[in-house]
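Thanks for sharing this one with me. Here are my notes, set out point by point, for you to read alongside the coordinates.

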Amino acid sequence: MAKAKIKDVAKLAGVSTSTVSLVLNHKGYVSELTKKKVEEAVAALHYVPSEVGRNLSLNRTNLIGVIIPDIAHPFFAALLHEIEIALYDCGYKTMICSTGEKKNAELSFLDMLRRHTMDGLIIGAHALHLEHYQEVDLPIVAFDRFLSDEIPIIRADHHQGGQMAANALLQRSPRHVVQITGAPTVHTPAHEHEDIFATCIKDAGVPLDSIVMPANAFRPEDFAKAAREVFERYPDVDAISGTDLGAICALREASRRGRRCPDDLSIVAYDGTYLTRLGPQTMTAVVQPIPALGRRAAEAIVCRIRQEELPSLQPLPMDFQQGETC
């Protein structure tokens, strides 16, 4: 049997195709009698409306873009998983853009939003210049990134996170702490945990040094290189802090050099993804509330699209995982 079309429904109901469209999209005034005729015709013909056509008539796509630096990175992979589930529950599908090693990928997604080929953007990458976002009146939500005063930011409480990481190491009475940090050129609230961590360590009178990662360096080999630099530059290091991949690479490099945790070296990770629980030692970690962050990002972008009041944008509290490396 051929698939029924909207004109078939209109013919059976004795109305125009535009009237059928009004009934299906719940737009405009249609009498109850006419509405009933259309609904009966839809049922009789087993008519299934075209989602594409309906969305075009409503000027929507039910598609939301999510831009992240690297889909293979454990933190962003876990966050994307939570965002995709939350958006699906809200009736939206997800289009993913991983900006790593892709020139102008972020700008392409922003242009798609301007052309209404998607309804909104959640932006967690750090590639595009901020001037592209100035005075942009579009449904955009930022994740851990400063874009403009008008674009809301979803984030965890990095001030609290920095204190947690520092306190965990200070309890071990370190003599020389090294922190693996992100590139300072990136405009992100996440730098706060590095700043607070450094302040706490220095206030305790403990020497502190840093290994600075290049911008947009998210591959395991980038962190392995940073871990080697830690021990080559500072052979007397006895405490290390860094994001999960940096901390895990430091643990592996320490083992290769005969250093043992927590006997003569303490390590605390920041993010607390599943990676910190996979190895032979569960890592001490400051844990970002990834499920809650994903839900809040999804709720915020849906509110922006629907022009509704935004949920609370206060930073979400961190958790702590006591492991065997500190």
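**Notes on the predicted model**

1. Let me begin with the aromatic rings. In this predicted model, the count of aromatic pairs comes to three. One of them joins Phe75 and Phe76 edge-to-face, with 5.4 Å centre to centre and 80 degrees between the planes. Both Phe75 and Phe76 are buried.

2. Phe76 has a further partner worth a look. With Phe218 it makes another edge-to-face pair, at 5.8 Å between centres and 85 degrees between planes. Phe76 belongs to helix H5 (residues 74-89) while Phe218 sits in the loop between E7 and H9, so this contact ties together parts that are 142 residues apart in sequence. Phe218 is buried, as is Phe76. Taken as a group, Phe75, Phe76, Phe143 and Phe218 make up one aromatic cluster.

3. Next, strand E1 (residues 63-68). How many of its residues are buried? Six of the six are, so the strand is largely enclosed by the rest of the structure. Leu63, Gly65 and Ile67 point one way from E1, Ile64, Val66 and Ile68 point the other way, and burial applies to all of them. E1 runs parallel to strand E2 (residues 93-98), and six bridges join the two. If you want a place to check the register, Ile67 stands opposite Cys97 of E2.

4. Now the open sheet. Six strands build it, in the order E7-E6-E8-E9-E10-E11, with mixed pairing. E7 and strand E11 (319-321) are the edge strands; each has a single partner strand, so one side of each is left without a neighbour in the sheet. From one strand to the next, the twist averages 20 degrees.

5. Within that sheet, strand E9 (residues 266-271) and strand E10 (residues 284-287) run parallel and are joined by four bridges. Tyr270 has Val286 as its bridge partner in E10. Helix H8 (residues 191-203) lies across E6, E7, E8 and E9, and its direction is at about 170 degrees to E6. H9 also packs on the sheet, where it touches E6, E7 and E8, and it makes an angle of about 150 degrees with E7.

6. Helix H9 (residues 220-233) deserves a point of its own. Does its length come out as expected or not, and why? At 1.5 Å a residue, its 14 residues should span 20 Å, and the end C-alpha atoms are 20 Å apart, so the two agree. Its buried residues are Asp222, Phe223, Ala226, Ala227, Val230 and Phe231. The cover over these residues includes strand E6 (177-181), strand E7 (208-212), strand E8 (239-243) and helix H10 (244-256). As a reminder, an α-helix has 3.6 residues a turn, so residues three or four places apart point the same way.

7. On charges, the model holds nine salt bridges. One of them is between the side chains of Arg175 and Asp238, at 3.7 Å from N to O. Arg175 is in the loop between helix H7 (158-170) and E6, and Asp238 is in the loop between H9 and E8, so the pair ties together parts that are 63 residues apart in sequence. Is each partner buried or exposed? Arg175 is exposed, at 63% relative accessible area, whereas Asp238 counts as buried, at 9%.

8. Another salt bridge lies within helix H10: Arg256 and Glu253 meet at 2.6 Å, N to O. These two residues are three apart in the helix, which means about one helical turn separates them. Arg256 is exposed, with 60% relative accessible area, while Glu253 is buried, at 7%.

9. Finally, Asp264 and Arg259 form a salt bridge whose closest N and O atoms are 3.4 Å apart. Asp264 is partly exposed, at 35% relative accessibility, and Arg259 counts as buried, at 18%. Elsewhere, salt bridges that share partners link Glu232, Glu253, Arg256 and Arg257 into one network. When you go through the model, you could view that network together with the Arg256 and Glu253 pair described above.

Methods: Residues are numbered from 1 along each chain as its sequence is written. This is a predicted model: local features need pLDDT of at least 70, side-chain atom pairs count only at pLDDT 80 or more; totals for chains, interfaces and linings use all residues. Side-chain values use heavy atoms; hydrogens and water are left out. The expected span of a helix is 1.5 Å times one less than its number of residues. Buried means under 20% relative accessible area, exposed over 50%, partly exposed in between (1.4 Å probe, protein chains only). Contact means heavy atoms within 4.5 Å. A salt bridge is a side-chain nitrogen of Lys or Arg within 4 Å of a carboxyl oxygen of Asp or Glu. Two strands pair if DSSP finds at least two bridges between them. Axes are lines fitted to C-alpha atoms, for helices over the stretch in contact, and angles run from 0 to 180 degrees between N-to-C directions. Rings of Phe, Tyr and Trp (its six-membered ring) pair if their centres lie within 6.5 Å; planes under 30 degrees apart count as stacked, over 60 as edge-to-face and the rest as tilted.
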